[in-house]
Amino acid sequence: MPHERLGEFEEFTLLAVRALGESTYGVPVQQFVEQATGRRASIGAVYAALDRLEAKGFVRSVIGAPTAVRGGKRKRMFSVTAAGITTAAELRRVREQIWRTIEQQS
Amino acid sequence: MSGPAVKPPLLGRLLLRVCRLGDRRDDVRADMQELFDTRLQVLGRKEARRRFNADARSVWLRPPARTPRGPWPRPRWSWVTDIPDDVIYGARVLRKQAGVVSMAVVGLAVAIGLTSAVFSVANAFNFKPLGVAEPARVVFPQRTIGQLRTPVHGWGPEHVAVMRASARTVALGSSLESRVVIGDGNGDVAAPRVSIRFVSDGFLDIFGARTVAGRLPDAADVQPGAPPVAVLNYEFWRSVLNGDPTVVGRSVSMNRSQVTVVGVLARGFTGPFDVNRTPAAWLPMEAARTVDSLAGLYGGTPGTVELVGSLFADATLPQAEAELLSLAIGAGAVTPNPEGSGVTGVLVRPGGNEFTTEDALILTVLLTIVGLVVVLAGTNVASLMLANVTGRQLEVSTRLALGASRGRVIRQLTTESVTVALAAGSIGLVFAQWFVALGTSVFVLSPAIDLSLDWRVYTFVVGVSVLAGLASGLTPALHGTRAAAGCPKRERRSQSRLVAVQAAASVLLLLLTALFTRALVEVSSRELGFDPNRVAVLTAFSPLKTATVPDTDFFALAQERILALPGVRGVALANHAPYEGSYTPVPTSLHGVAYRLNNIKATPAFFGVVGYRFLQGRPYTEDEVRTGAKVAVVTAGFARDWFPDGNAIGADLGAVREYLAGMRIIGIVTNAAPHIGSPAASTSESLLTPLMDFGAARIVISTEGEAVATLPALRDAIVAIDAGRTVNTRVVADGLDEQLNGPRILAMLAGIVGGLAVVLAVVGMFGVTAFTVAAGRRDIGIRLAIGASRAGVVVEVVRSSLQPAAIGLVAGLGLALIGGQAIASMLYAGISPRDPLSFAIAAALMILAAAAGIVIPARRAAAVDPVESLRAE
């Protein structure tokens, strides 16, 4: 299990990639994060987060095949790695545990 | 899509463009476009634009990481380690076209050789330190006149003796320059007139001279009456005497004297003087009396010697100057006076080769000229590389498809062209040595000058080669790796550009050839008014003040005795003989432009002796000279320039210079510049006035037959009058021939360059046209098959090749019109750099060269068999 930490925005981005299915690219991730958080996210911030996630080994990317849309330009497709899934799950577990404690106290 | 597409805002697009995205550029831009399109529909145009700008800013501030290339990260210096592989691969590819490649290499090698030869001469003259043990210590003490401290050349021998003995800040030596023809002692050897130096005792030791063979002159050699001895300069010994080891102890001839060689100096010792005054031999001062040379005539005022010194370690220039001033005053060489007139001061000038603005101009012009040759040869390499890249389209696209970056492929291709250029450069070094040898063998330079190639020349050659390689390889490489490479239209355009550049460079070089040749023809076909083979010049100076008969009596007697000799037609005295040395022009200007005017002071007989033809008026008479009448004779050009109304006769010369006020013009003679030692001199006019002071007079003698036959009798006649004088004789034809060397050399150099330009242009045109025809063979075949006429095909080939050449021709001539003024000061006989005849000749030659280059390919095009082409389909 990697010992890398995740920032809040990175976490949203990682979860967005996970939520968007097997492989996705910059645009849907940006739109997803914006919708889910209700905050504006620039594409540059999304790229930076994806780069960091990739460097930490939580996502991986490949250059996709050119398609007829986008003027034949290729996309960089991202997908979550096993480490990414584990980390996301771990984060969720920690949060839920904390919330459970809070609920029990109130 | 309906309606016109809305573009993202310009600011954002510009930000994306300047952002370093590398291989992420395409996907990032596509992502941003997609976002923009979506927002346009959802949020509206204004918001979409705002958000696009914000996104672009965020990407610009923090660009996404680029993909690491390949499975291994390339180390930073990998391009260095790639070079050997690239070179080997390139050599393998180029070997397949050995013929064309070697042609391009030889062309470029000749061009680089020429450039390096010019540079190595410039290097020897301007950049090498003086050839003495401690060049930084060399000083030249000079006397100065007035408060402006104008230097006076030379010191009296009697002053020098005192100063040398007493100086404590500087080790002083005195010397006297002369020029002689040195032979090997077994008769005449075809050697140029070289500089020699008579030097004071211990002079060579002061400057740290060592010998490779024999010894320096010793105490016995400097005794009065000792037989003359000489030490030879290394380069002279090696090049003229072929490094003959037995020369020490033998005698060589200097003009008609025999001198024993006692040693050969070590390589690199050339003495403390300027490079072009490097002596071929060093002799003790005593020998100036006995050796047949023009001692005292060259390099200074007759009767004086030059003072040179080496500063002692603890002394500074101001200290030396102060000490030498007090010594000079003590010796009576300088007379301090409160008004500051006369010879009042001493200036100690540091030694070293001065790089003047004039030198810089000449060097720039020469390097531009040879640079054009390199450009010309470089375009040949470029068109070779272009053809090469085109032929390797498959290979290039495969490499690109496999993931090689465009930069990597460009690097491979330019490595190949740089390799070709470096090969050419190394052969060019050999050519450079030949060119330098050729240059010295046509008497341009003294064989004593050390022109060996040193690290500066090597660096220059490598630099030029790499530059030529990059310049000629980059365009084809960029072209060949472009996405649309292989497009025949683009290819033709690139080739046309090369042809145009080549034509422009060629026509510029041809124009230079035409201009310099015209100048040579003009200057050598001038009317002299006399046969230079039938006029001799005799000088009888007394450099060491040993004359026994005073000047006035001596010259009267000499003229009388010479006139009585058989075969002598006339005798005159003049302060300068025609085609000897150089004149100091009268400083004047006409309409604000410096005007070159020589003041020749001569006896009345001079007009008859050198055959001046009077257009108007008369010569001055003996009576006028005796009574000191202020009369002058001028050349026709002078009369035309200063008195355009034709009223020169009787006019006063005060307008030319104040001190000439009151002097009247009484005659106008035909034009003939009396010396052509420089382009400016060759257009000079003359002012002839009576000779009053005989101190520096030359005796000019016209003879019935060849003047050379009378030289011994002339010498004997003078020695019989005064044996204490150093007699020198020469025929004017020799001086004229020597002075014609200037324009001749320029014309020859320009001729070589022009010839090279023609050859390179023909080869270049041939290469490009042949390639076009070979590549278009199929098209030609098809066109012939569907009914095109052969003549039509040939016309098309000729047109497509000549059109760019014509554009280059016009561009080249245009450039010449604009920049020609730069060489105006190098053209003899006042030929204009915009001379229409030269322009016409250059253009005609260029057209001929271009036509010659396309004849064979055009014939090939006409001979294409349509059936064969169709069968190949």
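**A buried arginine and the interface between chains A and B**

In this predicted model, R39(B) counts as buried because its relative accessibility is 7%, which falls under the 20% cut-off. The residue belongs to helix 2 of chain B, a helix that spans residues 25–42. When neighbours within four places in sequence are left aside, R39(B) is in contact with residues of both chains, namely Q30(A) and E34(A) on one side and G44(B), A48(B), R51(B), F52(B) and D55(B) on the other. Two of these contacting residues, E34(A) and R51(B), are themselves joined across the interface, their side chains meeting in a salt bridge with an N to O distance of 2.0 Å.

The interface as a whole brings 21 residues of chain A into contact with 22 residues of chain B. The area buried between the two chains is about 1700 Å², and carbon and sulfur atoms give 49% of that area. Within chain A, the residues that lose the most area to chain B are R40(A), Y47(A) and R76(A), which together account for 32% of what that side buries.

Polar interactions between chain A and chain B comprise three salt bridges, and seven residue pairs are counted in polar contact, with both residues at pLDDT 80 or more. On the side of chain A that touches chain B, helix 2 (26–37) and helix 3 (43–55) each supply at least two residues, and helix 3 gives the most, with seven residues. By class, this side of chain A consists of nine charged, seven nonpolar and five polar residues.

Note on methods. Residues are numbered from 1 along each chain as its sequence is written. Chains are lettered from A and ligands numbered from 1 in the order in which they are written. This is a predicted model: local features need pLDDT of at least 70, side-chain atom pairs count only at pLDDT 80 or more; totals for chains, interfaces and linings use all residues. Side-chain values use heavy atoms; hydrogens and water are left out. Contact means heavy atoms within 4.5 Å. Buried area is the accessible area (1.4 Å probe) that two parts lose on being put together, summed over both. A salt bridge is a side-chain nitrogen of Lys or Arg within 4 Å of a carboxyl oxygen of Asp or Glu. A polar contact is a pair of N or O atoms within 3.5 Å; within protein, one must be able to donate a hydrogen and the other to accept it, and residues adjacent in sequence count only if both atoms are side-chain atoms. Helices (H or I, at least four residues) and strands (E, at least two) are DSSP runs, numbered from the N terminus. Ala, Val, Leu, Ile, Met, Phe, Trp, Tyr, Cys and Pro count as nonpolar, Asp, Glu, Lys and Arg as charged, and the others, Gly among them, as polar. Buried means under 20% relative accessible area, exposed over 50%, partly exposed in between (1.4 Å probe, protein chains only).
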